[in-house]
Structures are given as structure tokens and as C-alpha cells.
Amino acid sequence: MMADILSNEGKQLLLGNEAITRGLIEAGVGFASTYPGTPSSEIGNNLEALADKAGMYFEFSVNEKVALEVSAAAAASGVRSFVFMKHVGLNVAADPMMTLAYSGVRGGMLILTADDPSAHSSQNEQDNRYFSQLGLLPMMEPSTPAEAKEMIRYAYEVSEKLTLPLIFRTTTRVNHARGIVTMREPVGMVPRGRFEKDTPRFVNIPAHARPNRVRLLALMEEAKAVSESSPYNFIEGSGETGIITSGVAYTYVKEFVSGASVLKLGFTNPLPERKIADFIRGKKRIIVVEELDPFLEDQVLRVCAQNGLDVPVFGKRSGHLPRAWEYNPDVIGRLSSVADVMEHPVPLAPADILLPGRPPALCAGCPHRGMYAATKKAVGGRDVIYCSDIGCYTLGIQAPFNAADYIICMGGGAGAAGGFSETTDQKPIAFLGDSTFFHSGIPPLISAKFNGHRIVMVILDNRTTAMTGHQPNPGTGRDFGGRKTEPLDIEAVVRGIGVDYLETVDPYDVKRSAEVMKAALECDGIAVVISKCPCPLELKKLKQLEAKHCRVDQSKCVRCYTCLRMIACPALVKEDGRVSVDETQCMGCGMCANVCPKRAIEVIR
Amino acid sequence: MKYTVQIVGVGGQGVLMASLVLGNAAMKAGYRVAMSEVHGMAQRGGSVLSTLRMGDDVASPLEAAGGADLIMGFEPVETCRNLPLANRDTGIIMNLDPVYPSMVAAGFEEYPEVDDVIASVRRRTSNLMTIEATNIALRAGSAVAANAVMIGAVAAIRGFPLSKELLKETLLETVPGKAVDLNSSAFDMGYEDMMSKN
């Protein structure tokens, strides 16, 4: 009973990201692009598998900025396009987006931003709804997988009516919720178009940008009228208490608050201000329930002020609801002094025994373990700064490596390394993955070369974009959707830039990797070490993983625990002082055997 | 009618697959379904939680603390860690086969004795039912069928709103063709085991 996203009929229990994928097919989207990022990643995996079957072009672009640009061109040519990314990805894509608003589109275009309240898989919990006001773009927010699918078709109609791209804002609990979705017949798709030139519109030199700004403001006035009459802004129930809500928070209100009238907003920029004012008029109190920042709430307060409505407004500004972390039924309970909130049974107390933590960790046989072990060995007592990055290697923060001192954003570690090299006597070591290198790791390397920084860059090339679910990247080449491209050679790219030290190592050979890292650390310029080894999980998926495992010869093991201290692979188990290998987890990579001083571990094929 | 199952375990144990089977069975039974899953970073060996809510009128993909009707615990420590999802009437099924966190395997942290975990849960509730799902799955043919054992065990829980036949049928539609026999026996063995304790 796996999802059949291509089916045109029946009901299915779909993940939000599957429902969104289905929504694209039903809306006749002809072009889609992304850079993978949780919680939006599964849309890309779905499209990789079936976009061509649906007659749609899909690509993993090198980063979100390029992804937005290719989709913008498709829409300018009259093809409905869809670009999607995680919330922080929109920071990268913000540059083209802000001016694209001035030019607009011909075919409909949706820009999906998947926000991550509670930062389940992210470095911050920014509220991207503000981008819609900053960029002057219409925005819609679904509450459930089923609504997301239906809303996509409508959103394309709105985008085409207004000739503007539309921000489609989801959150983790929509992308990773699952619900019942009814499949519908797709509308006809236009897979190819023609770019009709219109220089004043598509070339924003200052002389054109000035009138385009005025045109954009007028379009957003039109958007207000669309929002006022949108079926996705609707009222349910009745009562003296009025609740204004959007996104997944609506489902918590719907189920756990009674006796109130609810204005559910799906079209959230521009807001239907008349509808809101009419809703508030006559109510005893208004409560605004939304995750993260008071985006709706502050506008509701303004609507009250402008319409002379003297009604108390409760929410974040009143201190009733939090501004941090995602909401859930318990958070809704904080409204009990101002609304009729359902009471829940008393939870059991937490357990009274000490439980070991279970943070995410680098997998068994992960080649990054070898490179981190080698780096730690080479560094020894040196004063270094581990500038890490976004990807699996972020998990290098865990013991025994503790190799993350500074992380900001994609490619940010390499940039920071240059700053540290100029202002401290500590040696910066920047770790980043293959996909991250292509995404935004090349400019900081070129900048380091240009400005004469002294840094070590370690490119952890595991031949895939692993953390987000093993998407291809320029280093692997593309082989889906009926199109095959050549892999790009990272070493050749780095050599082309011209660094002072360059070496590629097999991280499973920890000893040699440590020697190379030592030489890199001694280099008084730019040293780049490429740690090249495919992710074993990806090999397993592709059924290319050789069946082998490690075994500890107990007669040779002297219980020095070097393997545990250096690699700490989850497949190594220490029980009653004895180290053994959990064969169900072991990938047979032999990293542990490589570091064993007594050669007590062997790889069995 | 509203019924919430909280499925807890470790990434890779089949928590997502089990929740998909229960969710699809609930949809076939004509209920509304709202679920929430963990994808992404936490799947790298971390704790995972799937919430499944079914009934005549469910909307929220999350449940309140204490709101679970049933906890399906794939792993002892994870079950114990999530006790506050339950209330005094919540049924708790706990698989007794541990998955050691990497820091425990490497000897940096201690994993409690499973008997101590059981005792700790029993100090909070009298509704604990234990099962050796991995061992039963091994007897059925392979440890990978532990989630089928767990689904079979759920079918034996008094008051569970979905029938044994529906659950089994949905499970066998979900697994790959060559694994149907294995999952069928694993489901039955999980069901029998839980019936004898229920």
C-alpha cells in the first residue's frame, strides 16, 4: 500500500510532501526545481522518481538561488513552475525573488518555503511569512496535506491572475503530517512555452525598476480583493470569542477549543482586512493562534486600530502564547483563561531511572567517522577551530570527535575560516560535504585564494546529498528523468582554483588520512583535503554494498579500546570490558581494523 | 470515537512502516486519520515518534501529553522515555529487545537493565504489556519482521478500534511480495503472544 501519486482517482493516505507532489501533477505544473532541504526534501525524491512519467521537467539545482532562477524563467515563458526549499534556503534564493516580484510571471509560479518550527532539522526557526511582505508577494498557507493539494491548484490560478509568483508556506507538521487525500483529474499541462520579450518588465534597470515598483504595489492592491473573496479564508462556528488562525495551528484550534467562532486564514498575504474587521466587530474578545512570530496578530491589531474596534486581542503580544517552538495541543491549553479549551488526561510522570540519551549520530560505517578520527589524530595538541557546516558531518559535534566549534549556514564554515585565519593564531579547519561544496563552498575557497587566507578545507565527499535522503548532486552526475550528465570532478575544480596543498584520501584508511591531514595543517596557505568514499547507506539502497563485516579476535584484543576512542562506530559494542561487533549494524568498512594497534579486528567477506 | 496511538522507537526499526499500516487500516475502516511522522536528521540513529490519530472527527496531527490511548513501544528505553505521552488508563506495549545508543555501545554511557526499565514503567502504570518482538520475529524467520509482530500484538489489545483481519490484510498489502509469508506468520505470532497476556 505504498502511495501511488500518479493515480487519478480514489483516496490515499498521503504524507504532506506526497500530497504536494500530487498537487503539482493535478495543477499541470510543467517545471520544478529545488535544492534539497528538510522538511521539503521528499517532494524532490518523489519528483526524481516520477516527474518524467507525469510529463514534468524536474531538476536538483546547485543551490536554491539557481533553483528559483530556472523556475522563474520557465514561468516567464508561460510554463507553470514550482520551486521548493526549506526556510533557510529562501535566504539563498531571496536575491532573485525580490526582483522577480517586479517582473512577475506569465505561467503561474509557486515558491514553496518549508519552515521548521522547533528546528527539528534546522539551524534556526525563522518565520518566512515576512518574506511575503518584504518582497510584496501573495502568500498562501495550508493546514493539512489534503488542503495543501487542493490549494496548489487554486494558488496557480491566483498567480496567473495577478501575474506574480506566490509564496506557498508550509511547516514541518504539514510536510510531515499524513492525512487522507482525494485524487482528482489533472488539468491540462503546457510543458513548453516561448519567452516573449518585454524589456521594461523583465530588465530592471533603475529606469524600469521605479515604475515596476508602482506596478507591483497596484498588483498587491488587486491581490487584496482576491484575498477578500478567497474560499481559503473562511469562518466556522459562532460565539462571542473570535479566533483567527492559520497553518497547522488551525487543526489544534478546531479540535481542542470549543464555543468560539474561528476565522481560518489560508490566503495570508495580503490579508483580507475587511473580512477580518467584519469578523472582529461584535466579538467580546479576539485570540490569534499562529506558530512562531506575531505575523497575523500584529496586522490584526492594526486592523482594529484603523477600524476603531476596541476589542481585546490575546496571543503572543499579551503573553498567552509563545513565540518560540512549534505549537501542539498542550500549547493551546495556555488559552484556558480566555477560551473554552478541552482538558486532557493527566500525563504519567517521567520515569524515575536514568535513561541514556539518543541524539542523532553518524551511522555505522560512515566514512566521515574515519576523516574525523584522522583529523583528531593529526591535530593532536594544536590550537584549531573546527568550522563545520550543514549536512551529516554536522554530527561530528558528537563525542568522541567534538569537531564542531562554529556552524552558521550552508558553506558558512569555509567563509568563517578565512575570518578566523586573519584575526586569530588558531588554525581554522573547514569541513563541508560534496553537495555543500557545490552549493556555496566554492566562492569562499576562491575568496581565500584571492585574499591569501591560511585555511584547511576538508571536503567530505560521500558521493551523494546524504542527510536529506540521498539526492544526486553535480559530483555524482544526474541519471533520472531520461537525462544523464557527467559527474563533476571536485579535485579538478579545486586544482583549477590553485591551492597550495591538495590531496585526496580514502577515509577508511585512517592512518594515511591522518598523515595527509598533518601535512595539510603544516601548509602555510590554502590546503584542501578531499575525503572520498561513498555513503554506505546509499550503496545499500542501490544494492551495491559488498556483504562483509568485521570481527574481533578476542585472543588478540588487549582491551586498549583504541577503536572505541577513535572511531566509536555504533557497530562496536563494549560489554563487560569486551569489545565485539554487532554484525547487524556493521558495514564491514574496516575503519576499526585499521586503527587497531594489535591487528585484532579482521574484515570477513 | 477518537483513538490515538503513539509509536516510539529508534530510526530504522520500522516505526514509520508500522504507522503507515495502522493509518491505512484506519482509512479503510472509514475513520478520519491525522498523523505526524519524524523524518530528517533524527532518523540518523535518534529517537523517533509517530503519532496516529483516528476517529470520527480528528484534525490535529499531534496529541496532547497524556492523551494517548495506546503506546506502541518498539524499544524499552524509548518506551520509558515517553511515559508522559500516556495517562493511567493508556495501554502500553513494550518490546523488550534493546537497541543500544552509540554512546552506550561505545561504553561512554550506561544502558539500564531491561528488568529495571520494566519495573520503572510498572511504578507508573499497571497497563504495561511486554513482548519480545525481535525474538518472536527471529522464530518467524527474520528479525526484520519485528514490526509485523508488534502490529499483530496491537490487534490483540482490548478496545483497539481496528479488526485483526483488517490490520493483517493491510500489513500484507504493504510489505514486498516475497516477504508476505514471513510477515503473515510474524503477525500471527505477535497476536497469539499478546492474547495470552491480555
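Visitor: Before I ask about helices, what counts as a contact?
Guide: Contact means heavy atoms within 4.5 Å. Helices are DSSP runs (H or I, at least four residues), numbered from the N terminus. This is a predicted model, where local features need pLDDT of at least 70 and side-chain atom pairs count only at pLDDT 80 or more. Residues are numbered from 1 along each chain as its sequence is written.

Visitor: OK. Which residues of H6(B) meet H8(B)?
Guide: B:Ala148, B:Val149, B:Ile151, B:Gly152, B:Ala153 and B:Ala155 do, and in H8(B) their partners are B:Asn183, B:Ala186, B:Phe187, B:Gly190, B:Tyr191 and B:Met194.

Visitor: How do the axes of H6(B) and H8(B) run?
Guide: The two axes, which are lines fitted to C-alpha atoms over the stretch in contact, come within 6 Å and cross at roughly 45 degrees.

Visitor: What about H7 of chain B, which residues are buried there?
Guide: Buried means under 20% relative accessible area, with a 1.4 Å probe and protein chains only. In H7(B), residues 164–174, the buried ones are B:Leu166, B:Leu167, B:Lys168, B:Thr170, B:Leu171 and B:Thr174.

Visitor: And what do they pack against?
Guide: Three helices of chain B: H1 (15–28), H6 (146–155) and H8 (180–195).

Visitor: Switching chains. Is A:Arg153 buried or exposed?
Guide: A:Arg153 is buried, at a relative accessible area of 13%. That residue sits in helix H6 of chain A, residues 145–162.

Visitor: What does A:Arg153 touch?
Guide: Setting aside neighbours within four places in sequence, A:Arg153 contacts A:Glu26, A:Ala27, A:Arg184, A:Glu185, A:Pro186 and A:Val187.

Terms used
Chains are lettered from A and ligands numbered from 1 in the order in which they are written. Side-chain values use heavy atoms; hydrogens and water are left out. Buried means under 20% relative accessible area, exposed over 50%, partly exposed in between (1.4 Å probe, protein chains only). Helices (H or I, at least four residues) and strands (E, at least two) are DSSP runs, numbered from the N terminus. Axes are lines fitted to C-alpha atoms, for helices over the stretch in contact, and angles run from 0 to 180 degrees between N-to-C directions.
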